Amino acid sequence: MDRFADRRFEAFFEGAEPVVSDARVAPDRDDPLSSPHFDALIPPLIRWIADARGRLLVRGESPHASTDPFPAIRSGYDWRRALDPVDRKALLQAATHSANPRPLRVRMMGADGERRWAGLRMTCVSTGRGGTRWYGTIEYLPDLQDEVCALREALAEAREHYRWSVELNPQVPWTARADGALEEIGPRLREMTGISLDPRSHLRWNDMLHPDDAVATMARWDDHVQSGEPIIVEQRVRLTDGGYRWMRSKAAVRRDARGEVIRWYGTLEDIHDQKVAQDALAESEGRFRLAVQAAGLGIWDFDIETGARTWSPELRAMLGLADDVPATQECAMALVHPDDRSILQNMMATVARREATTHFEATLRIHRADDGALRWIRSMGWTTQSAGGRPKRVLVTFQDVTDQEEADARIRWAAGHDAMTGLPNRAAWQATLEQMTARADETGERFGLMLFDIDDLKRTNDALGHDAGDALLCEFAARLLAMAPPGAVLGRLGGDEFGLIATSLRDSDALQAISAAILENIRRPYVHDGRSLDCGVSIGGAVYGEHGRQAGELFKSADLALYASKASGRGRVTLFHSDLRAQAQQHSSMIRMARQAVSDKLITPYYQPKVDLHSGQTVGFEALLRWHHPRLGVQTPATIAAAFENCELAVAMTDRMLDAIVRDVRRWIRAGFDPGRVAFNASAADFMDDDFAQAVLRRFARGGVSPRHFEIEVTETVFLGRGADNVARALHRFSKAGVRVALDDFGTGYASLSHLKQYPVDVLKIDRSFINHLEGDAGDAAIVDAIVKLGTSLSIEVIAEGVETQRQRELLIDHGCRFGQGYLLGYPAPFVSPPKTAT
Ligand code: C2E
Ligand code: CA
Ligand code: CA
């Protein structure tokens with residue numbers, strides 16, 4: 001657009017106005033104003049006259065002849081040759097068009113061959129003879145010389161300046177005619193677009209737009225023409241290579257006084273890179289938004305520089321907040337669960353610190369604003385930084401993780417709880433016990449531990465089905481929970497075993513008191529499916545500090561106490577005492593010895609005779625277990641009593657005994673000796689195997705001895721134990737096969753007359769304890785009397801155990817008791833063939 005500068009330059013050449021006319025500068029030397037002093041002031045002025053064709057007829061002298069600047073111009077000389085070709089053309093043109101042309105500034109050849117600036121004035125005057133003469137002056141303009149040089153330099157500088165500013169300016173100017181034909185465009189745009197401004201091409205500026213943008217741009221354009229507002233449009237401009245570049249076009253029309261459009265003025269700014277970046281950003285933002293939506297994230301956005309906070313629509317939906325509720329901290333705080341408010345406060349404090357490294361994660365609970373629902377929200381926040389590393393904004397994402405949290409909670413709960421009763425399971429409860437022990441170690445704070453074992457859960461399960469058993473368990477747990485002291489931790493430790501830990505149980509008295517209350521409460525029968533169920537419980541208790549300091553030791557103490565409760569008849573409470581530990585040690589030593597006795601085949605039967613008290617005749621024997629201790633010699637069952645409660649050992653011992661008994665009886669018979677009935681003792685464990693009776697009978701058959709030679713002795717406890725159902729079946733099988741059934745230790749324990757009806761009982765063995773004090777205790781005598789009468793009326797044989805004195809024998813005879821067994825009548829003794837009987 002150098003033409004803008006060029007105009008300035010051209011104006012300079014045309015701009016000289018006529019200063020003086022020839023007529024007024026009359027050379028009248030008499031006139032003081034014609035003084036030669038003026039000659040020195042005015043520049044050299046040469047007068048000349050030329051003919052109509054411009055040939056120089058005469059020229060005046062320069063006032064300072066010595067310094068004639070144009071000596072080449074002489075009369076007869078075609079002075080036009082002294083002129084610069086451009087000036088010559090201008091001069092000819094001026095002379096052809098007017099008789100009185102405007103003064104001209106021309107370059108003329110000087111004396112030294114240099115061209116010099118001169119002012120040329122002329123006028124055409126008629127000669128009166130039909131011809132014409134040119135009268136003119138040439139004025140030497142030395143100052144102009146410098147001015148031109150300066151202007152030239154200025155122009156060059158201006159051009160450079162212009163070029164630089166235009167080229168560096170992102171905005172490229174353009175103009176277009178009223179009809180839209182491009183008139184001028186910046187060089188950069190020309191280069192880029194390859195547009196030529198050939199007037200014949202009549203290129204309209206919208207010809208260079210992308211077809212998709214042209215229509216919209218034109219519509220805007222028309223609107224603009226109507227309203228007169230400047231227009232700003234972003235559009236793609238076609239390049240020489242056929243591609244397009246994004247440009248921002250600003251344009252306005254200039255109108256004349258009548259309102260007609262004179263010209264369009266505009267700029268095009270290359271915004272391609274910016275636009276591409278913007279599009280990329282918009283696309284990435286779009287992707288981000290989609291990802292955020294897909295992930296169900298809500299966004300809280302805090303612009304640190306402006307302080308603006310925004311909650312995304314997803315976040316509002318998550319919180320149940322309407323769109324018009326302002327995004328304030330107070331509002332957020334009010335929604336958060338009171339227990340989790342400190343978490344939010346910490347988050348806010350982190351944000352307020354405006355650290356460049358802010359990053360946090362937290363999960364908290366809120367109550368939704370609209371429906372009050374409790375939801376778990378996980379939030380993650382971080383700070384973005386400006387290019388200068390200053391924190392710019394804090395972005396926090398929120399996710400409703402309620403479902404996940406609930407699933408986790410369910411899994412966590414299930415891992416630590418018993419599904420049926422909802423109480424902590426063994427592992428969780430024991431972890432609590434460990435924690436409390438550790439804490440007590442530090443603080444010295446005491447606590448109590450109770451273990452519970454539901455009596456006869458098995459019986460309920462077997463008799464009424466597992467639903468009834470489960471209901472019993474749940475009812476037990478509920479009652480225990482209701483009775484438990486505040487802060488107690490309950491747990492279901494397995495099958496029918498429960499535990500309780502409570503800090504309020506500081507000593508044995510507190511434990512005893514609560515146990516008594518629980519026993520009382522649990523004992524109340526409850527109804528399931530229209531049936532009343534009993535629920536007894538055995539309790540063992542221990543106190544931290546008193547009965548142990550380690551979790552394991554404490555548990556063991558309570559467990560020993562529980563075992564003692566169960567062993568002493570159930571429905572009881574036992575607090576740990578040191579004897580229990582001794583007993584426990586004794587118990588395990590018994591088990592150890594029994595195991596050794598079994599494995600080393602040290603077990604052997606001793607036979608104690610059963611005697612007719614009148615005649616003194618042996619009617620049979622009871623086989624009693626003895627085992628041979630390697631150092632201590634023959635041992636009684638009392639040394640391994642615990643083993644009879646141990647299923648595996650009890651069965652093994654019966655097995656060994658029967659082996660020997662069958663062999664011994666066979667030997668007796670083969671030796672021609674009739675031992676009468678030989679009784680063997682069976683324990684509850686033997687009846688666990690439903691095949692017990694058959695197995696024994698097979699054994700007799702294998703040994704070649706008739707079942708009639710045998711009697712089985714059971715105590716009433718076998719009717720109460722786990723294999724109770726089997727017991728009835730087994731006893732009936734024995735009875736049917738000819739084996740007599742004796743009820744041992746009769747009158748103690750759970751003596752129930754219904755047993756006599758229920759089971760095929762042939763013999764009642766009056767327990768030794770009644771015989772012991774028969775002489776002095778009227779009560780015992782009455783019991784013996786009653787048992788004898790009961791036997792007589794039910795046709796059940798009665799035998800007295802533990803007959804030690806003659807007096808006892810006599811009294812028994814008096815009471816009508818026919819048979820007896822005891823040291824008086826014969827000690828248990830090993831097999832001899834045939835055995836001797838003591839009388
Ligand atoms: P039990 O069945 O009541 O056996 C009678 C116990 O009284 C025997 O003790 C016997 O030695 C003892 N006894 C007999 N006469 C007298 C007496 O006049 N005075 C005193 N003070 N005691 C007398 P033992 O042999 O020590 O057996 C104890 C218990 O061990 C038995 O009591 C029985 O319950 C159990 N037992 C013995 N052998 C076996 C067996 O082979 N299997 C099973 N399951 N239990 C057995
Ligand atoms: Ca017995
Ligand atoms: Ca007995």
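# Strand pairings, salt bridges and a calcium pair

Strands S14 and S15 pair in the antiparallel sense, over 9 bridges. This is a predicted model. S14 and S15 make a hairpin, and 5 residues lie between them. Gly389 sits in the turn, with a positive phi of about 85°. One rung of the pairing is Thr383, whose bridge partner in S15 is Val394.

S15 has another antiparallel partner. Strand S11 (residues 297–303) is joined to S15 (residues 391–400) by 7 bridges. Here Trp300 stands opposite Val396.

Now take Met380, in strand S14 (residues 374–385). Met380 counts as partly exposed, at 30% relative accessibility. Beyond its neighbours within four places in sequence, Met380 is in contact with Leu395, Val396 and Thr397, and also with Phe360 and Glu361. Glu361 is 19 residues away from Met380 along the chain, yet their C-alpha atoms are separated by 4.4 Å.

Next come the charged pairs. The structure holds 40 salt bridges. Arg248 and Glu269 form one, with their closest N and O atoms 3.4 Å apart. Arg248 belongs to strand S9 (residues 244–255) and Glu269 to strand S10 (residues 261–270), so this pair ties together parts 21 residues apart in sequence. Arg248 counts as buried at 18% relative accessibility. Glu269 counts as buried too, at 15%.

Asp340 and Arg365 meet in another salt bridge, at 2.9 Å from N to O. This pair links distant parts of the chain, 25 residues apart. Asp340 is in the loop between helix H9 (329–335) and helix H10 (341–353), while Arg365 is in strand S13 (residues 359–367). Both Asp340 and Arg365 are buried.

A salt bridge can also stay within one helix. Arg667 and Asp664 have their closest N and O atoms 3.5 Å apart. Both lie in helix H18 (residues 647–670), 3 residues apart, or about one turn of the helix. Their exposure is unlike: Asp664 is buried at 2% relative accessible area, whereas Arg667 is partly exposed at 39%.

Salt bridges also form a network. Its members are Lys610, Glu622, Glu711, Glu713, Arg740, Lys765, Glu797 and Glu801. Some of these names return at the calcium ions. Glu622 and Glu713 coordinate the calcium ion (ligand 2), together with Asn681 (OD1) and Asp744 (OD), at 2.1 to 2.3 Å. Along the chain, these donors follow the spacing E-x58-N-x31-E-x30-D. Glu713 comes from strand S27 (residues 710–714) and Asp744 from strand S28 (residues 740–746), so the two tie together parts 31 residues apart in sequence. Glu713 and Asp744 are both buried.

Which residue bridges the calcium ion (ligand 2) and the calcium ion (ligand 3)? Asp744 coordinates both ions, which are 4.2 Å apart. The protein donors of ligand 3 come from Asp744 (OD), Asp745 (OD) and Glu801, which is listed twice through OE, at 2.1 to 2.5 Å. Their spacing is D-D-x55-E. Asp744 has a relative accessible area of 7%. Asp745 counts as partly exposed, at 26%.

The last stop is on the surface. Leu33, Phe38 and Leu41 form a nonpolar patch there, with about 350 Å² of accessible area together. Leu41 lies in helix H2 (residues 37–41) and counts as exposed, at 69% relative accessibility.

How values were computed:
Residues are numbered from 1 along each chain as its sequence is written. Chains are lettered from A and ligands numbered from 1 in the order in which they are written. This is a predicted model: local features need pLDDT of at least 70, side-chain atom pairs count only at pLDDT 80 or more; totals for chains, interfaces and linings use all residues. Side-chain values use heavy atoms; hydrogens and water are left out. Donors are N, O and S atoms within 2.8 Å of the metal (3.2 Å for Na, K and Ca); water is not among the atoms, so sites may look incomplete. Helices (H or I, at least four residues) and strands (E, at least two) are DSSP runs, numbered from the N terminus. Buried means under 20% relative accessible area, exposed over 50%, partly exposed in between (1.4 Å probe, protein chains only). Patches are made of residues with over 30% relative accessible area and no salt bridge: like charges are joined within 9 Å, nonpolar side chains (Val, Leu, Ile, Met, Phe, Trp, Tyr) within 5 Å. Accessible areas come from the Shrake-Rupley method with a 1.4 Å probe; for residues, only the protein chains shown count as cover. A salt bridge is a side-chain nitrogen of Lys or Arg within 4 Å of a carboxyl oxygen of Asp or Glu. Contact means heavy atoms within 4.5 Å. Two strands pair if DSSP finds at least two bridges between them.
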